Each structure stands twice: as structure tokens, then as C-alpha cells.
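Here's a walk through the model in your viewer, one selection at a time. Keep the selection box handy and follow along.

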Amino acid sequence: MDHRRTPLFTALKNHAALNPVQFHIPGHKKGLGTDTEFREFIGDNALSIDLINIAPLDDLHQPTGVIEEAQILAADAFGADHTYFSVQGTSSAIMTMILSVCEPGDKIIVPRNVHKSVMSAIIFSGAKPVFVSPAQDANLGIDHGVTTGAVRRALERHPDAKALLVINPTYFGVCTDLKEIVELAHSYQVPVLVDEAHGVLIHFHEELPLSAMAAGADMAATSVHKLGGSMTQSSVLNLNTKNGFVNPQRVQTILSMLTSTSTSYILLASLDTSRRNLALHGHEMAQKAIDLAQFARRTINDIDGLYCFGKELLGTEATFNYDPTKVTIHVRHLGITGYETENWLREHYNIEVELSDMYNILCLITPGDTDESVDILLNALQDLSRTYYQVNPAHELVVKVPDVPQLMLTPRDAFYGDTEVIPFKESAGRIISEFIYVYPPGIPILLPGEVITQENIDYIIDHVEVGLPVKGPEDRSVTNVKVIVEADAIF
């Protein structure tokens, strides 16, 4: 295929060049009806292609023209049989994967540290989650992926599961042996869905971990916007139909149900052009990011009080491979938290990091980085070390993630059940009917239908008090929580 082509973006530019008289939405009419300051900042070119699904521009909900051509090119670039564009992020693509294979009452095997979009889809579908605990890293205080052994035990106990969902790579870039897990699941006739939100570059460089499509997975939701250059909220859903587990027509139907009819052509165009860039230059782009990240990693490991893991982490079932462009910096030995580090970098160096937790910060090195941007980070970290190293006592690393709570109701039944609001500190033993999670990365601590334990309460309060972004409950202060009035156990 000719990956120099951008069928959708080219059609948009040609249409804008005709300067048609528009009697359709959007109402700003090429920017003439929008706020002046916003128009001057965004620019007339962007506003001229902020269009809708008129005939010359195809329709994302049932593409037969330039969008279909763009998606075919994307499928070729990502090694998929079918690729669908999402203008509602990878969250929408993840929900589509689950809703296309699960019906009410079906079991789906998922890691306990899934993104909240997975649990949203489980609520919508009425499926029953079978949780697999991820491997915990006692040295770093983070979770890795699920192991083949854990997946095997889940499949042996639940051979009637309708799907297995795997996170690969994790937010921190660590990968399990995905190919082995796919082969294991397929031996049970169970399709494999992959949350590949943080793995777009792995499709384009042999030194990076194996992609979901290359590993034989059946579906993968991939964030092009996170690392691949497209605009925020633009992602793709890749399908492998060779194993017969996926119906592409049903996937298209579900994705359409979850997608606005007013789809953003600016986001679609950015997917089309990013595919071109990745297909033609992805290897070189990834190599640049890898080189910069490895230079940063080596330099960070020479800074007193800091540690950035690399290949030495590999060798266990949960750490089969890693993406070096995810630079995780362990700050515990400086005597400060990751959250305090994030704030210090913002205040002193105008640096924004991807996330922070009790012990770490995560910095993403992408094709958009330069020697200059990495040098700024490294200079800031050296200053951070001079400020804190051996000044404060180092925190003892305590990985006290609570045990997986008992699931007493399906998430759907709990979410829609009869509820009452009680003080969170007094909620031990009650069944929660809402989410509590830390975002980023959006991993739930408590899910609708689970029994709240005192361990959960203490863990969440610790996060709130240290300033980490605990979200989910209707009471944003997490003072009160919604719980089920009464319920019987289902397991």
C-alpha cells in the first residue's frame, strides 16, 4: 500500500479549498462565528476542516469512502485485519472490545489493575469480572502485568469465560509474555483483548516489545495520541479476525453506538496523517525516542538518590520485556514522595510529568522530545537531588496495596442498586456502589459491588492526605460514599 497517501486529510483540504457555502453544522462556519481570540489562536486552517459527515467526506459510522480508505491503510500499518478510528479515545475502543464479546452474565477475566473504562464496559454489558491479581514489585512499589501462570489458573477455574483482557505494556512500560498468554487463552477457545493504550510505537521497532497484533491477540485498543503524534482523544481499535473469535461487523456496530454522530474530522485527520508518519518514519521515530530515553536512564542512575529501572528488571514471568521510552524514576531515597517531586518539578522548572505515586514519577520520552527537553529534565533532577538527598530520611518502601476485595454483586447490579450515603470512614463491611480510583492512571481501588474493608479505607485516606488525585465518588472529597442498602452474595 502507498502509505504516502492521506485519503481523509487530503479530502478535507480539497473540500476547504473549494470554500463551499455552508448551511450545516458546526455553526461557527469556518470560524466566522467563533470567538475572535480563540479563532486567532487556533487558526483558520484548523477551523476550515472542522466539518461533519457530509457526502464528500464519508461517515465514520458507516464508512465507504475516504474514511474507509484511511482505515484500510491504518490496518496495514498496524498489522491488523481491520482497524477502526476512535474519536473518543482508547476508553471508547476498550469498551467496544468488551461489549462486542460479552453479554449479561458472561464471565470476563481481567487484571485487577484495569483502567476504569474496562469496568465501565463491564457495568454496561452486565458481565461478571473474574479478577487476576497483577504481580507486585516490592522494590519499586508498582504493579506489573499478569503472569501466564495466573492466567492459566483463572482459565482452569473459569473455562467458560468469554474473553481475557490483558494490559500490555503496562503504564510503566513493562510487558508480560503476551504471545504465550494468547496461545494459552486460544487453547481454551477464549479470545484475547489487549489494552495497548501505551504501546503505539511497539508496532514500528524490533527492539520494542511485541505488539498485540504480532502476538496473535484478537483485538487491541491503541492510543495513537499518547505516543504516536495524533491529537488527544484519537485512537484506533485493531482487529485480528484470523482466529474466528471476532465479528468485525458487530465491532463496528458497537463502536458506532458508543460514538458521537458529530465526529471530529480534525481528530480523524490527525489519525490519518499520524498513520502516514508512523508507516513511513516509525522506525526512525521510535529509535530517536529509545536513544533519548536510554541516555536519560543512564544519567538518572548516576544521580544520588534516584533510580530508573531498565533491562535489569527483566527475567520474571511478569517482566518479560519493557519499553525503554517509559522513564520511571524512583524517588523514595530522597525522602520525598512522587507527588511532592511532581509539584517541585512544576514549581521550579515548569516541568509536567505523566504521573506520580508514593514512590515514583513517570516521564514519557516520545518522538516529540529533543536533546534540549531531556537535558532540562536531567538538570532539574540533578537539582532535586542536591536539594533533598541525605537531607530527609529515606522513606521505608511499604507496598500495602489492599487485597482484592470480595465481589458480592455484579458491578452492574451494584451500580444501579438501591443505595444510601454514609461516612466513608464508617463504611467497612458495606458494599460500595461507585468507583474509587487514582487518576492517572485510572486504576480502581474499589469497584461497584465490592465489600469495603478497613484496609481499603486506610489506603485511600493515605492517598487523599498525601495529595494524590483520588477520584470517582460523587462526593469529591471522599468524605462520604454510596453503598448498597442490602444485597445477597452472588459468589
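Start by selecting Q233, a partly exposed residue with a relative accessible area of 40% (buried is under 20%, exposed over 50%, partly exposed in between, using a 1.4 Å probe and protein chains only). Q233 sits in the loop between α9 and β10 (235–239). Helices here are DSSP runs of H or I with at least four residues, strands are runs of E with at least two, and both are numbered from the N terminus. Check the backbone: Q233 isn't a glycine, yet its phi is positive, about 90°.

Before going on, a note on what you're looking at. This is a predicted model, where local features need pLDDT of at least 70, side-chain atom pairs count only at pLDDT 80 or more, and totals for chains, interfaces and linings use all residues. Numbering starts from 1 along each chain as its sequence is written, and side-chain values use heavy atoms, with hydrogens and water left out.

Next, jump to N350, another non-glycine with a positive phi, this one about 55°. Look for N350 in the loop between α12 (338–349) and β14 (355–356). Is N350 buried or exposed? It's exposed, since its relative accessible area is 68%.

While you're checking backbone angles, pick up two prolines. Select I25 and P26: the peptide bond joining them is cis, with omega about 5°. P26 is in the loop between α1 and α2 (36–42). Then select N168 and P169, where the bond is again cis and omega is near -5°. P169 belongs to the loop between β6 (163–167) and β7 (174–175).

Now zoom out to the full chain. You should be able to count 15 helices and 20 strands. The C-alpha atoms fill a box of roughly 65 × 55 × 45 Å along the principal axes. The radius of gyration is 23 Å, which agrees with the value near 23 Å for a compact globule of 491 residues; the radius is taken over C-alpha atoms, and the globule rule is 2.2 Å times the number of residues to the power 0.38. Of those 491 residues, 56% are buried. If you like contact maps, residues 24 or more positions apart account for 73% of the contacts with a separation of 6 or more, where contact means heavy atoms within 4.5 Å.

Switch on a surface if you want: the accessible area is about 20900 Å², and carbon and sulfur atoms own 49% of that (Shrake-Rupley, with a 1.4 Å probe; for residues, only the protein chains shown count as cover).

Time to go inside. Which residues have the most contacts inside the largest nonpolar core? Select L8, L12, F85 and L268, in a core of 44 residues. A nonpolar core here is a set of buried Ala, Val, Leu, Ile, Met, Phe, Trp, Tyr and Cys residues joined through side-chain atoms within 4.5 Å. Colour α1 (7–17), α4 (66–78), α9 (224–227), α11 (265–300) and β15 (360–364), each of which supplies at least two residues of this core. The largest share, nine residues, is from α11.

Centre on F85 and show its surroundings. Leaving aside neighbours within four places in sequence, its contacts include L60, A70, A74, V236, L255, L268 and L271. There's also a second, separate core of 31 residues, and I108, V114, V118 and Y437 are among them.

Go next to F78, which is in helix α4. F78 is buried, at a relative accessible area of 4%. Draw a C-alpha distance from F78 to S211: they're 133 residues apart along the chain, but the separation is 8.9 Å. Beyond residues up to four places away in sequence, F78 touches V200, H203, F204, M213, V224, V236 and N238.

For a strand residue, pick V132 in β3 (residues 128–132). V132 is buried too, with a relative accessible area of 6%. Its contacts, sequence neighbours within four places aside, include I109, V110, P111 and R112, plus V146, A150 and A154.

Last stop: helix α5 (residues 89–101). Twelve of its 13 residues are buried, so α5 is largely enclosed by the rest of the structure. Among the buried ones to highlight are G89, T90, M95, M97 and V101.
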